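Please read this report with the sequence and the model side by side. It starts from a single residue and then moves outward to the helices and the whole chain.

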Amino acid sequence: MDFDKILELLAYTLPAIVTGLVALYFFKTHIENEDKRRNFLLRKEGQNTVLPLRLQAFERLTLFLERISPSKLLIRVKPTGKDPAKYADKLIGVIEQEFEHNLAQQIYVSETAWKAVVTSKNLMVKIIRTSAAKKEIESPQQLQEDILKNGGKTEGPTLAAISYLKLEVKKVF
């Protein structure tokens with residue numbers, strides 16, 4: 001008789017246990033799907049907020065690179081005296097000031113894009129220092145000519161960085 005009661009008890013409890021496990025599985029799956037949906041919606045909403053900031057960062061970095069290109073920089077920053085070393089220091093100071101103004105933009109661009117911007121800035125500073133160190137440079141006007149000659153030999157550091165930023169923007173879309 002005990003065996004019959006145990007069998008009867010199993011006959012009633014086994015379907016309940018199976019039903020409970022199936023329900024648990026479906027609830028767990030439903031909750032995971034809801035979490036994924038919420039995360040997707042949050043990311044989508046975040047993307048709508050971050051995308052304009054990223055594009056603005058690319059715009060500002062492009063403007064920075066344009067402003068420090070040799071032709072634009074030399075037109076904008078006029079020599080105030082006759083000493084080419086002081087003029088070179090003034091040019092480098094303007095580049096550094098522009099760079100510091102745009103430091104926060106590195107948050108919104110890739111590490112490689114930021115390195116391209118920093119490299120471009122450093123190459124421009126190097127071109128100015130190299131030109132200013134030449135003994136035959138005796139006036140700010142000669143310094144300007146030499147900077148234009150050295151900065152325009154190749155594609156130019158600023159143009160290369162701008163080209164890379166354009167490629168990065170295309171990846172965003």
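In which helix is the place of Ser 120? The model shown here is a predicted one, and in it Ser 120 has its place in helix 4. With a relative accessible area of 2%, Ser 120 falls under the 20% cut-off and therefore counts as buried. If its neighbours within four places in sequence are left aside, Ser 120 is in contact with Leu 65, Pro 157, Thr 158 and Ala 161.

**Helix 4 and its partner**

Helix 4 covers residues 111–133, and at 1.5 Å a residue its 23 residues should span 33 Å; the C-alpha atoms at its ends are 32 Å apart, which agrees with that expectation. Ser 120 has company among the buried residues of this helix, which are Ala 113, Trp 114, Val 117, Ser 120, Lys 121, Met 124, Val 125, Ile 127, Ile 128 and Ser 131. When reading such a list, it helps to remember that an α-helix has 3.6 residues a turn, so residues three or four places apart point the same way.

How do helix 4 and helix 6 pack, and how far apart are their axes? Helix 6 is made of residues 157–172, and it packs with helix 4 at an angle of about 170 degrees, the two axes being 8 Å apart. Because this angle is over 145 degrees, helix 4 is roughly antiparallel to helix 6. On the side of helix 4, the contact is made by Thr 112, Ala 113, Ala 116, Val 117, Ser 120, Leu 123, Met 124 and Ile 127, while helix 6 contributes Pro 157, Thr 158, Ala 161, Tyr 164, Leu 165 and Glu 168. Sorted by class, this contact has 10 nonpolar, three polar and one charged residues.

Ala 161, a residue of helix 6, shows the contact from the other side. Its relative accessible area is 3%, so Ala 161 is buried. Not counting residues up to four places away in sequence, Ala 161 touches Leu 65, Ala 116 and Ser 120. Val 172 also has its place in helix 6, and, with residues up to four places away again not counted, Val 172 touches Leu 51, Arg 54 and Phe 58.

**Helix 1 and helix 3**

A second pair of helices can be described in a similar way. Helix 1 (residues 2–68) and helix 3 (residues 84–101) pack at an angle of about 180 degrees, and their axes are 10 Å apart. Helix 1 and helix 3 are therefore roughly antiparallel to each other. Their contact is formed by Arg 60, Phe 64, Arg 67 and Ile 68 from helix 1, together with Ile 95, Glu 98, Phe 99 and His 101 from helix 3. By class, this contact has four nonpolar, one polar and three charged residues.

Gln 97 also lies in helix 3, and at 57% relative accessibility Gln 97 counts as exposed. Leu 74, which lies in helix 2 (residues 70–76), is by contrast buried, with a relative accessible area of 7%. Apart from neighbours within four places in sequence, Leu 74 is in contact with Tyr 87, Leu 91, Gln 144, Ile 147 and Leu 148.

**Separation in sequence and in space**

The table sets the sequence separation of some residue pairs beside the distance between their C-alpha atoms.

| Pair | Apart in sequence | C-alpha to C-alpha |
|---|---|---|
| Val 172 and Leu 51 | 121 residues | 8.3 Å |
| Ala 161 and Ile 68 | 93 residues | 12 Å |
| Leu 74 and Phe 26 | 48 residues | 69 Å |
| Gln 97 and Trp 114 | 17 residues | 17 Å |

**The chain as a whole**

What does the secondary structure of the protein chain come to? The chain has six helices and zero strands, and read along the sequence it follows the pattern α-α-α-α-α-α. The radius of gyration of the protein chain is 32 Å, well over the 16 Å that the globule rule gives for 173 residues, so the chain is more spread out than a compact globule. Taken along the principal axes, the C-alpha atoms fill a box of roughly 115 × 25 × 25 Å. Buried residues make up 28% of the 173 residues. Of the contacts in the chain with a separation of 6 or more, 71% are accounted for by residues 24 or more positions apart.

Notes. Residues are numbered from 1 along each chain as its sequence is written. This is a predicted model: local features need pLDDT of at least 70, side-chain atom pairs count only at pLDDT 80 or more; totals for chains, interfaces and linings use all residues. Side-chain values use heavy atoms; hydrogens and water are left out. Axes are lines fitted to C-alpha atoms, for helices over the stretch in contact, and angles run from 0 to 180 degrees between N-to-C directions. Helices (H or I, at least four residues) and strands (E, at least two) are DSSP runs, numbered from the N terminus. Angles under 35 degrees count as roughly parallel, over 145 as roughly antiparallel, 65 to 115 as roughly perpendicular and the rest as oblique. Contact means heavy atoms within 4.5 Å. Ala, Val, Leu, Ile, Met, Phe, Trp, Tyr, Cys and Pro count as nonpolar, Asp, Glu, Lys and Arg as charged, and the others, Gly among them, as polar. The expected span of a helix is 1.5 Å times one less than its number of residues. Buried means under 20% relative accessible area, exposed over 50%, partly exposed in between (1.4 Å probe, protein chains only). The radius of gyration is taken over C-alpha atoms; the globule rule is 2.2 Å times the number of residues to the power 0.38.
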